[in-house]
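User: I would like a close look at one part of this model. Please start there, then work outwards.

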Amino acid sequence: MNKKVRVRFAPSPTGGLHIGGMRTVLFNYLFAKHNNGYFILRIEDTDQNRFVPGAEEYIFECLKWCGLEPDESVMHGGEYAPYRQSERKEMYKQYAEQLIKDGKAYYAFDTPQELEEKRKTILNFQYNHASRNEMKNSLTMSDDETKKLLEENVAHVIRIKMPYDETVSFTDMIRGEVHFNTSQSDDKVLLKADGMPTYHLAVVVDDYLMKITHAFRGEEWLPSSPVHILLWQYLFGLENMPHWAHLPLILKPDGKGKLSKRDGDRLGFPVFAMNWTDPKTGELMHGFRERGFLPEAFINFLALLGWNDGTEQEIFSLDELIEKFSIERVHKAGAKFDYEKAKWFNHEWIKRLPVTSFQLQVKQLLQNAGVEINDDEKLKTVIQLIKDRCVLLTDFIQQSSFFFQSPKEIDINAIKPKWNEHKKQFFVELIRTYQLATTWQHEALENSFKEIAAASQIKPGDVLLPLRIMLVGGKFGPHVFNIAEVLGKEETINHIKRTLQLLQ
RNA sequence: GGCCGGUUCGUCUAUCGGCUAGGACAUCUCCCUUUCACGGAGGAAAGACGGGUUCGAUUCCCGUACCGGCUACCA
């Protein structure tokens, strides 16, 4: 029983990866690494109508950004290749035919149009134990008839023959014992007319061939699990079946239902890991990365959405998550996604991560915003100074631009109403003093500021805000004298002079 | 409709029968701060409902209600 743990994440490349999918990746990854096992990424591209160019590359980039690299995949290789189901097409057929031989499946020749007709005329029509005797399939036709149609290459599918009134049970690692009556499920298509397997056949065959030991997927798969269990029983034996765990869904923050791609735009937060542009519609879906999230924070809040380690700890690094994760502690109930809490995680990570770990991203952000950075040491000092007040990486733009270029706009109206000659004289005196300064360091700057204020009988508070506006352009930023220190003597004095002129 | 799953503060959650029901986000008050944050102190805020079982149920069982998922030659 010392089988190496092998788990897989099996997305279909039909679009961007949203947080539900990313959390499934995360839980797979954490479980694999916690157990010293392997994490496999398999591309489930069995629906050729839904193929979206670029989606596959996008998936890999998301995983890379989060640091959740697969051990085996289309990109990483591995001994169970190919890892793309479209390239495994021929493998599935033999298993479908095996099932027919064993009487567990049958050929069905009903056309999509005929089925559609049925569904239109009969409410809740199901292709199942009750109706299959009236349909066009190898169960209702003679062997010769079937053989003839097959030889004539008449379009057909292979369907599983669900047993009548039997109970299928299995133990879900999260939910415990689950039971289903086989009559409830319809006769699912296993092999489509184009020769491609459906999900149902493909998962079972590939999980077997790839020696998957634990299969995690979203709760929406629970109702079709009896089909998969049966397939395991018929094809490979229940004793070889992976342990299942159906993960709770991530729900919309407002109202009802599982979180969908559209909810982001509607509610003003990202639902994708990274920006995703639909190649057909050209529509852009926003991602957490571009919104200014750190991968550490992204992973952290994803992990806590439905899982906790039983203590009150909330901030976990990837390594800690790997160490502490257990699938049994995953919740049964779905969780509403809370963007405010997600931002809090990001803030926490910005505060505790060393500046160097995200300095490059901030630099890029600033440069994209048109702020030229040519002094990395200064940037480091600035980030250190302002990181406590930045929730998202993008907040660094507003909070730090003025350190590198003169503010484009000075909120002069915040000074004007209370401006007078007396205050002006104060600043003239301040300039004179600062010009004579031999050292340039915030305590000294603050001291002389206060001394001048006292000498000119002015309350420091009355001139502190004007000074701030002069240096940063608005009512924000860290302590004024810290700013002045970083800005340097020349810049600080220039800023004061310039604003004094504006106030004339 | 049928089947399956779920149900603790507004939100994420702790509790493996003893609860004055704990924490976090958000919110409110105060302190710190002559900007905004950070930080600190405190407040308000929950066991869907009804039956059992038990000395004792948030915890176990049953029913009801509500929420969600599935019900395609999509995954």
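Which residue caps the N-terminal end of helix 14, and which backbone nitrogen does its side-chain oxygen lie 3.1 Å from?

Analyst: The model is predicted, so read every distance and angle below as computed from it. The cap is Asp375. One of its side-chain oxygens lies 3.1 Å from the backbone nitrogen of Glu377.

Now follow helix 14 itself. This helix spans residues 376-386. Four of its residues are buried: Leu379, Val382, Ile383 and Ile386. They sit on the same side of helix 14, because they cover an arc of only 100° around its axis. The general rule is simple: an α-helix has 3.6 residues a turn, so residues three or four places apart point the same way.

What does that buried side meet? The buried residues of helix 14 pack against three other helices. These are helix 13 (359-368), helix 15 (395-404) and helix 19 (480-487).

Take helix 15 next. Gln399 lies in this helix. Its relative accessibility is 10%, so Gln399 counts as buried. Leaving out residues up to four places away in sequence, Gln399 touches Ile386, Arg389, Cys390, Phe476 and Gly477. One of these partners, Ile386, is also one of the buried residues of helix 14. Two others, Arg389 and Gly477, lead on to the RNA.

A total of 62 residues surround RNA strand B. Those that come nearest are Gln126, Lys256, Glu314, Arg389 and Gly477. Of the atoms of RNA strand B that come within 4 Å of the protein, 71% belong to sugar and phosphate.

Three polar contacts cover different parts of the strand. For phosphate, look at Thr46: an N or O atom in its side chain is 2.7 Å from a phosphate oxygen of RNA strand B. For the sugar or linking oxygens, look at Gln126: a polar side-chain atom of this residue lies 2.4 Å from one of them. For the bases, look at Pro478: a polar backbone atom of this residue is 3.4 Å from a base oxygen.

Several elements give two or more residues to the surface near RNA strand B. Among the helices are helix 4 (112-121), helix 12 (339-352) and helix 18 (460-472). The strands include strand 4 (157-160), strand 6 (176-181) and strand 13 (335-336). Helix 12 makes the largest contribution, with 5 residues. By class, this surface has 26 charged, 20 nonpolar and 16 polar residues.

Gln126 deserves a second look. Its backbone oxygen lies 2.5 Å from a polar atom of the side chain of Ser131. Ser131 is in the loop between helix 4 and helix 5. With a relative accessible area of 8%, Ser131 is buried. Beyond its neighbours within four places in sequence, Ser131 is in contact with Phe125 and Gln126.

Next, the nonpolar interior. The largest nonpolar core has 113 residues. Met22, Phe298, Phe337, Phe427 and Leu467 touch the most other members. Helix 1 (residues 19-34) gives the largest share, 9 residues. Met22 shows how the packing is built. Not counting neighbours within four places in sequence, Met22 is in contact with Leu17, Cys62, Leu63, Cys66, Leu68, Ala273, Phe298 and Leu302. A second, separate core has 36 residues, including Phe109, Leu190, Val205 and Leu230.

Some backbone details are worth checking in the viewer. Ala81 and Pro82 are joined by a cis peptide bond, with omega about -5°. Pro82 sits in the loop between helix 2 (55-66) and helix 3 (89-101). Asn153 is not a glycine, yet its phi is positive, about 60°. This residue lies in the loop between helix 5 (143-151) and strand 4. Asn153 is exposed, with a relative accessible area of 67%. Lys211, also not a glycine, has a positive phi of about 55°. Its place is the loop between helix 6 (199-209) and strand 8 (214-218).

Last, a sense of span. Glu90 is in helix 3. Its relative accessibility is 60%, so Glu90 counts as exposed. Gln313 is 223 residues away from Glu90 along the chain. The C-alpha atoms of this pair are separated by 49 Å.

Definitions and conventions. Residues numbered from 1 in each chain as written. Chains lettered and ligands numbered in written order. Predicted model: local features only at pLDDT ≥ 70, side-chain atom pairs only at ≥ 80, totals over all residues. Heavy atoms only, no water. Near = heavy atom within 4 Å. Polar contact = N/O pair within 3.5 Å; in protein donor to acceptor, adjacent residues only side chain to side chain. Nonpolar A, V, L, I, M, F, W, Y, C, P; charged D, E, K, R; others polar. Buried < 20%, exposed > 50% of the residue type's maximum accessible area, 1.4 Å probe, protein only. Arc of directions from axis to C-beta. Contact = heavy atoms within 4.5 Å. Core = buried A, V, L, I, M, F, W, Y, C linked by side-chain atoms within 4.5 Å.
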